[in-house]
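Work through the exercises below with the sequence and the model side by side. Try each task before reading its solution.

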Amino acid sequence: MTALAAAAAPAAPAPPHFVLVPLPAHGHLIPMVDLARLLASRGARASLLTTPVNARRLRGVADQAARAEPKLLLEIIELSFSPARFGLPPDCQNADKIADNTQMLPFFLALRELAAPFEAYVRALVPRPSCIVSDWCNPWTASVAASLGVPRLFFHGPSCFFSLCDLLADAHGLRDQESPCSHHVVPGMPVPVTVAKARARGFFTSPGCQDLRDEAMAAMRASDGVVVNTFLDLEAETVACYEAALGKPVWTLGPFCLVKSNPGVGVSESAITAWLDAQAPGSVVYVSFGSVTRKLPKQLFEVGHGLEDSGAPFLWVVKESELASPDVTPWLEALEARTAGRGLVVRGWAPQLAILSHGAVGGFVTHCGWNSLIESIAHGVPVVTWPHFADQFLNEQLAVDVLGVGVPVGATAPVMILYDDAATTVPVLRGDVARAVLALLGGGEEAERRRKKAREYASKARVAMEKGGDSYEKLTQLLETFGHGGGGEERWNNTVAA
Ligand code: UDP
């Protein structure tokens, strides 16, 4: 091109700009970081806004992504945050820093205060961003988006199966305290679903949280649609019903984990891989309960004994917070000595995606957090389901009854996040753990069928994320709708003109 032609060429249009506002909890942050990376990998600019402690944690991920792909427009933006005003320690900026259940409500009330720095950031952007994507649990973004005329999608972390059940339960008044039945059939689900009320509480349903729930439901209704970390072949009918019930587009763009940006921090990945390399293919059960739940020693001991009694090779993640009790470390060391060679206990944070993608792993004992479940499915690994709270019991129903990739451990009552609730709960016993692990890893028709289904879903997941696949093409449509003068852009222009 000559200098003259270059000068006359029209300036390249600015890339669409997505502003992402995750809830600061690993189970919500990780998929939003993946989503940011996914958007950036398709030519959009993605800005992820979070509190200073989380921004520091995530900057390494953004830098790593930039080194791998220098053209990636992915940035982490820090929003000032003052948890101390709500009686919380200054570093209480992530759900993993919540010390007990009394800090839960203040944490969410403190997060509401992010609305001011968030508004200041968006207001200063010229031009305005193409679209805001904020977590369902961050409804305070809604009024800012509306006042500045920026389209807003909400990101909901759980399965569509849970989200539809939750929506329908509200629409039919099934959650009302006065309702006498402890079980209810959820009308409008594509498959018959009976849920125990206590096990289908959803988000913001604890005492004192009604205002938060009302705000989240209102923000959901005012949104321009929802982004979900799932794929059509996994939940096709549910997605269609969810879209109809919500009256808004449901953008199924996952599984996000296949973009591989999980920050495996804290434990040497190579030591774990080396241990897995020494195990037979499909023989190891991986055991982890996500980033938030903590087990009391009495429950921890039942898990350990159950794994030992199963006779199966195991890789078990025990959290730092679970090691606080003085009797846990000597007990764990004795277990490790007894199971040397066939058991590996990882203390702290484990590189879950590296583990799930290793050929030695044949099953996963999971709390059914949606990220863990979809990561397992995306890697073709069947699961033992051990739900604790929120969406997890419904995710278990999806895995066991609908998808046929899970064996329930037999958890019947919810255990809330922190110790005090767990203290009153009957533990799942070692016999339950051993039985479920053996059923999962063993031979027999049922076990083979579960493995086959898990492998089939994994291959469909990969296809969904490839060019021409459903999730890939949905993302293309989303970028066109909000980024390239489609519905979103038009809407924005109209709003500004008005
Ligand atoms: N995770 C991990 N290593 C750990 C624990 C958790 O990489 O030691 C990741 C896991 O891969 C998943 C997320 O943390 O992406 C947990 O999300 P999930 O929805 O499963 O559960 P939550 O933590 O929200 O209860």
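**Exercise 1. Find the loop that holds Pro127, and state the form of the peptide bond from Val126 to Pro127.**

Solution. Step 1: Pro127 sits in the loop between α5 (115-124) and β4 (131-135). Helices (H or I, at least four residues) and strands (E, at least two) are DSSP runs, numbered from the N terminus. Residues are numbered from 1 along each chain as its sequence is written. Step 2: the bond from Val126 to Pro127 is cis, with omega near -5°. The model is predicted, and local features like this one need pLDDT of at least 70, side-chain atom pairs count only at pLDDT 80 or more, and totals for chains, interfaces and linings use all residues.

**Exercise 2. What is the form of the peptide bond from Gly254 to Pro255?**

Solution. Step 1: place Pro255 in the loop between β9 (250-252) and α10 (269-277). Step 2: the bond from Gly254 to Pro255 is cis, with omega near 0°.

**Exercise 3. Is Cys368 buried or exposed? Treat Ala390 likewise.**

Solution. Step 1: Cys368 is in the loop between β13 (361-366) and α14, and has a positive phi of about 70° although it is not a glycine. Step 2: a residue is buried if 20 or more other C-beta atoms lie within 10 Å of its own, exposed if 12 or fewer, and partly exposed in between, with C-beta atoms placed from the backbone. Step 3: Cys368 has 33 C-beta neighbours inside 10 Å, so Cys368 is buried. Step 4: Ala390, in the loop between β14 (383-385) and α15 (392-402), has a positive phi of about 50° although it is not a glycine. Ala390 has 27 other C-beta atoms within 10 Å and is therefore buried.

**Exercise 4. Describe the contact between domain 1 and domain 2.**

Solution. Step 1: the domain assignment, automatic or from a database, gives domain 1 (15-259 + 466-497) and domain 2 (267-462). Step 2: their centres, taken over C-alpha atoms, are separated by 27 Å. Step 3: the contact (C-beta atoms, placed from the backbone, within 7 Å) takes 34 residues from domain 1 and 30 residues from domain 2. Step 4: on the side of domain 1 that touches domain 2, two or more residues come from each of α2, α7 (160-171) and α9 (232-246). The largest share, four residues, is from α2.

**Exercise 5. Where does the largest nonpolar core lie?**

Solution. Step 1: a nonpolar core is a set of buried Ala, Val, Leu, Ile, Met, Phe, Trp, Tyr and Cys residues joined through C-beta atoms within 7 Å. Step 2: the largest one has 138 residues, and Leu20, Ala36 and Val285 are among those with the most contacts inside it. Step 3: α2 supplies its largest share, nine residues. Step 4: domain 1 and domain 2 both give residues to this core, so it lies between them. Step 5: leaving aside neighbours within four places in sequence, the contacts of Leu20 include Met32, Leu35, Ala36 and Val133.

**Exercise 6. Which residues are closest to the ligand?**

Solution. Step 1: 17 residues surround the ligand, the closest being Gly27, Gly290, Ser291, Gly369 and Ser372. A residue counts as near if its C-beta atom, placed from the backbone, lies within 6 Å of the molecule. Step 2: α2 (26-41) and α14 (370-378) each give two or more residues to this shell. The most, four residues, come from α14. Step 3: domain 1 and domain 2 each supply at least three residues of the shell.

Technical notes
Two residues are in contact if their C-beta atoms, placed from the backbone, lie within 7 Å.
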